[in-house]
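Visitor: Could you take me through a close look at a single part of this model, and then set that part beside a few other features? I would like the details in one connected account.

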Amino acid sequence: MSVIEGDAGEHTGGDGAGEPTTTEDLLYDVIRRLWPLHRTVVRAVERELADTGMTAGEHALLDALHTEGPRTVPQLARAMGLDRQPVQRWVNHAAELGLVVTAPNPAHRRSSLIRLTTEGTAAIRGIQQFEATELRQRLADLPAEDVRTALHVLDRLGEEFRHLANGSRVQREETDSQGSRDSRGSEGSNGSNGNPEGHDIRPAPAPLMHKGRSGE
């Protein structure tokens, strides 16, 4: 499976005239839409943040700190699925804006905690209040169940692509194969091995890049 950066209307092996019918076609269509969607969201975020001095990345940083609490730069990088270098740059700039500060880390003297300042907390709350209003107005026609299904699919895609990125595809397939044999021998198992619907899937702690403004 590959990440395809192309027109969201192009279909695998088809002329785009009809809806895809197989699960594979549908999955490819989901993946095709993710990259342009990401770029569009970033542009929207940057437009809304134009008067705040923040970038879209710094917005995501503040969102992560607001959601998860004080974290070290390595912890933030892991949570956001990024390298440390860009996260450190965002931290440095957010500190210059007075939105975050470093604090002593009781667990590790050489790795400081990054936490929101009062100004940073007010900024991200203002952004989220604006976002909540926008979401209610623009996406009111989406049922909650559709949103839950979308989250489930995105979480699963993220889980599998993390395995691919880490080079653990073969190991996972071997584990799933062994799990399938074990489950056939025990009807009392929870059915999660070899059954995608039985996996215990937890949302990845990835940052949400919303569009909004600081509420200044």
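Guide: In this predicted model, helix 3 (residues 73–80) packs against helix 4 (residues 84–96) with their axes 9 Å apart and at an angle of about 115°, and the crossing of the two helices is right-handed. On the side of helix 3 the contact is made by V73, P74, L76, A77 and M80, while helix 4 contributes R84, V87, Q88, W90 and V91. Sorted by character, the residues of this contact of helix 3 with helix 4 comprise eight that are nonpolar, one that is polar and one that is charged.

Nonpolar side chains also appear on the surface, where L135, L139, L142, V147 and L151 form a patch that together has about 420 Å² of accessible area; of these, L151 belongs to helix 6, which spans residues 144–165.

Turning to charged pairs, the whole structure holds six salt bridges, and one of them joins R32 to D29, with the closest N and O atoms 2.8 Å apart. Both R32 and D29 lie in helix 1 (residues 23–48), where they are three residues apart, or about one turn of the helix.

Note on methods. Residues numbered from 1 in each chain as written. Predicted model: local features only at pLDDT ≥ 70, side-chain atom pairs only at ≥ 80, totals over all residues. Heavy atoms only, no water. Patch = residues over 30% accessible without salt bridge, like charges linked within 9 Å, V, L, I, M, F, W, Y side chains within 5 Å. Areas by Shrake-Rupley, 256 points an atom, 1.4 Å probe, with all protein chains shown as cover. Salt bridge = Lys/Arg side-chain N within 4 Å of Asp/Glu carboxyl O. Helix = DSSP H or I, 4+ residues; strand = E, 2+ residues; numbered from the N terminus. Axes fitted to C-alpha atoms, helices over the stretch in contact; angles between N-to-C directions. Left-handed = near helix turned anticlockwise from the far one by under 90°. Contact = heavy atoms within 4.5 Å. Nonpolar A, V, L, I, M, F, W, Y, C, P; charged D, E, K, R; others polar.
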